[in-house]
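Work through the exercises below with the model open. Each task is followed by a solution in steps.

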Amino acid sequence: MADALVIAELAEDGKVRKSTLHAITFAQRALPTLGGGFAILVLGANAKAAAAELTGFGASKVLACEDPAFKEYTAEQFTPTVAEVGKGFGLIVAAATSFGKDLLPRVAARLDAAYASDCSAVSGEGGKLVFKRPMFAGNAFGYCQLNTPIQVATARQSEFDAAAPSGGASPVESVTKAAVGAAASRVQFVSLEAVKSERPELTEASVIVSGGRALKEKFMEVLEPLADALGAALGASRAAVDAGYAPGDFQVGQTGKIVAPTLYFAIGISGAIQHIAGMKGSKVIVAINKDPDAPIFQLADYGLVADLFTAVPALITELKKRG
Amino acid sequence: MKVLVALKRVADPDNANKVKISPSGDAIETTGLEWKTNPFDEYGLEAALRLTENGKAPKKREGEVVVVTFAPKDAETTLRAALATGADRAIRVDANDAELDGRLIAHALKTIVDAEKPDVIILGKQAVDGDSNQVGQRLAELLDYPMATFAATIKEEDGALLVGREVDGGVLSLRVKLPAVVTVDLRIVAPTSVYSKHTEAGFKYNDGVRFAPLPAIMAAKKKPLDVKTLAEVAGGNQLSTKYVKFERPAQRAGGAKVKDVAELVQKLTTVSKVL
């Protein structure tokens with residue numbers, strides 16, 4: 001019998017990020033196989049306040065490690081404490097955000113544990129955990145087992161619902177910070193330039209409006225009003241980014257961001273494999289393209305063969321009619 | 001500056017939808033797909049080359065780049081291609097993918113770092129076949145080095161790198177003292193992403209990775225390429241990750257068309273119920 005440890009992720013303001021709740025769901029799904037319960041570990045400059053946010057989710061305990069050195073996240077500061085606490089657990093999990101993907105492999109190495117990244121499911125077979133994870137940019141799924149005493153994994157947020165409060169009050173316990181290695185004194189947090197946008201983040205958005213090279217210099221002019229009407233994030237194909245019509249951090253695709261929103265609009269996007277790899281996990285796909293033979297139509301739930309420069313404004317008008 | 005770059009060859013990522021699962025479901029088959037250098041590793045090599053030269057005079061090298069791969073002999077073409085674009089030396093650790101996992105490669109790379117003593121180790125943020133995204137982080141921990149993952153920009157300072165990291169919601173800047181581990185994201189090959197101490201601020205590179213001119217491809221055949229056995233560098237480490245089965249993702253039932261935006265909005269509202 002073993003327990004799971006969920007590593008909480010905090011926002012810049014010290015509050016718990018919602019990604020933590022997705023990681024809790026992942027841990028809960030592993031529990032029937034592990035046979036134990038789960039605890040949550042919070043590291044932060046004000047970890048106890050954040051820990052208090054997490055007492056209603058059925059954890060056996062919420063561990064808080066409060067230290068000024070945790071004000072800003074660096075893997076070098078966090079790893080020794082996560083590994084020290086993690087030694088008592090069979091499974092250590094976090095969401096596959098840039099935080100989890102940075103920290104957990106480093107923790108795994110410290111514990112000489114095997115690691116499964118970006119898992120989309122977890123199950124059990126013969127008393128052992130089996131992690132399902134996307135490979136080849138989502139063109140295949142692999143089911144793997146980790147043959148080390150401690151197992152480490154990150155969970156793809158879009159595949160696990162946020163845990164709902166289950167009532168009860170998990171006790172909060174303080175833990176002390178573990179001694180750090182030489183690496184911790186050789187890294188310095190300099191700044192975080194947050195992208196100033198009223199729109200949701202691409203990887204968290206439930207609706208995404210993506211544009212291709214066909215939009216040319218009118219990329220923002222045409223797509224922004226549609227994104228506004230839908231409360232959507234903006235994305236782009238690699239071709240649109242390479243041509244300079246959209247900024248680099250818009251890129252959805254194999255080498256860009258992998259997204260899985262509820263609703264995805266592909267506008268003026270032909271559907272290169274590189275792009276499809278990044279968005280085919282979307283629940284509903286809409287394609288607008290004037291080329292009826294564009295490969296994107298084979299994938300789309302709703303294809304509209306039309307000139308995007310007239311179809312997009314018409315779509316906005318139609319959406320507004322709904323009120 | 002001396003930079004060690006880890007490279008992996010992968011089945012052509014532009015045709016990744018053509019990978020097949022073996023009938024018994026126990027293997028992924030990439031037969032018929034061309035081998036290509038993992039794109040993120042190519043970006044890592046480009047960053048290493050920029051860090052070890054004066055951008056204004058690209059032929060003036062100001063450091064050394066060593067490339068390393070874990071692969072069978074026929075993957076030496078991947079290494080030769082890297083040597084042709086400017087890397088100085090190559091190391092091939094003789095191994096098949098089936099003998100490797102992220103944990104084992106990190107241990108093996110540590111052995112190579114201990115021998116080579118580079119100032120910076122650069123890796124792609126992940127290989128686009130296994131999509132594991134772990135070797136760089138693991139290596140940094142084994143070495144007790146600072147790390148900067150998902151790098152979009154690198155600026156060399158005295159004994160340190162200022163790295164802009166691509167994180168959810170923005171760019172996070174870290175300063176890491178050398179020696180350090182850096183893993184790179186796709187924006188690292190933008191024209192103003194990487195500056196060595198020798199390259200003037202504001203200098204613009206061509207966008208993307210560089211290509212080797214023919215004479216360099218010929219000259220690369222004479223550059224040193226060492227071969228090591230896996231046992232030599234992996235110590236007593238064994239595999240710890242076992243894939244028990246593979247499957248294709250469920251196929252989408254796409255292909256339906258709508259006649260106009262009114263029908264589209266109506267379908268999204270009443271059939272798919274996503275508006």
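**Exercise 1.** Give the strand order and the edge strands of the open sheet of 7 strands in chain A.

Solution. Step 1: the order in chain A is 5-9-4-1-2-3-10, with parallel pairing; strands are DSSP runs of E of at least two residues, helices are runs of H or I of at least four residues, and both are numbered from the N terminus. Two strands count as paired if DSSP finds at least two bridges between them. Step 2: strand 5 (114-119) and strand 10 (172-174) of chain A are the edge strands, each pairing on one side only. Step 3: on average, neighbouring strands of this sheet are turned by 25° against each other, direction ignored. Axes here are lines fitted to C-alpha atoms, for helices over the stretch in contact, and angles run from 0 to 180 degrees between N-to-C directions. Step 4: inside the sheet, strand 4 (residues 91-95) and strand 9 (residues 151-155) of chain A run parallel and are joined by 5 bridges. Ala94(A) is found opposite Thr154(A) in strand 9 of chain A.

The model is predicted: local features need pLDDT of at least 70, side-chain atom pairs count only at pLDDT 80 or more, and totals for chains, interfaces and linings use all residues. Residues are numbered from 1 along each chain as its sequence is written, while chains are lettered from A and ligands numbered from 1 in the order in which they are written.

**Exercise 2.** Describe the open sheet of 4 strands, and state which strands stand at its edges.

Solution. Step 1: the order is 6(A)-7(A)-8(A)-17(B), and the pairing is antiparallel. Step 2: strand 6 (121-125) of chain A and strand 17 of chain B are at the edges with a single partner strand each, so one side of each is left without a neighbour in the sheet. Step 3: the average turn between neighbouring strands of this sheet is 30°, direction ignored. Step 4: between the chains, strand 8 (residues 140-146) of chain A and strand 17 (residues 241-247) of chain B run antiparallel, joined by 6 bridges. In this pairing Gly142(A) stands opposite Phe246(B). Step 5: helix 1 (residues 19-34) of chain A lies across strand 6 and strand 7 (128-135) of chain A, at about 5° to strand 6 of chain A.

**Exercise 3.** How many residues of chain A and of chain B are in contact with each other?

Solution. Step 1: 76 residues of chain A are in contact with 68 residues of chain B, where contact means C-beta atoms, placed from the backbone, within 7 Å. Step 2: the chain A side divides into 40 nonpolar, 22 polar and 14 charged residues. Here Ala, Val, Leu, Ile, Met, Phe, Trp, Tyr, Cys and Pro count as nonpolar, Asp, Glu, Lys and Arg as charged, and the others, Gly among them, as polar.

**Exercise 4.** Compare the domain contacts within chain A with the make-up of the largest nonpolar core.

Solution. Step 1: chain A is assigned domain 1 (2-186) and domain 2 (207-322), with bounds from an automatic or database domain assignment. Their C-alpha centres lie 34 Å apart. Step 2: 4 residues of domain 1 of chain A are in contact with 6 residues of domain 2 of chain A. The domain 1 side has 1 nonpolar, 3 polar and no charged residues. Step 3: the largest nonpolar core has 210 residues, and Val6(A), Val286(A) and Val182(B) are among those with the most contacts inside it. Such a core is a set of buried Ala, Val, Leu, Ile, Met, Phe, Trp, Tyr and Cys residues joined through C-beta atoms within 7 Å. Both domains of chain A give residues to this core, so it lies between them. Step 4: beyond four places in sequence, the contacts of Val6(A) include Ile24(A), Phe38(A) and Val93(A).

**Exercise 5.** Is strand 14 of chain B mostly covered or uncovered, and which strands pair with strand 14?

Solution. Step 1: 5 of the 5 residues of strand 14 (residues 180-184) of chain B are buried, and the strand is mostly covered. A residue is buried if 20 or more other C-beta atoms lie within 10 Å of its own, exposed if 12 or fewer, and partly exposed in between, with C-beta atoms placed from the backbone. Step 2: Ala180(B), Val182(B) and Val184(B) point one way, Val181(B) and Thr183(B) the other. Step 3: strand 10 (residues 120-124) of chain B runs parallel to strand 14 of chain B, with 5 bridges, and Leu123(B) stands opposite Thr183(B). Step 4: strand 11 (residues 147-157) of chain B also pairs with strand 14 of chain B in the parallel sense, over 3 bridges; Met147(B) has Val181(B) as its bridge partner.

Notes: Contact = placed C-beta atoms within 7 Å.
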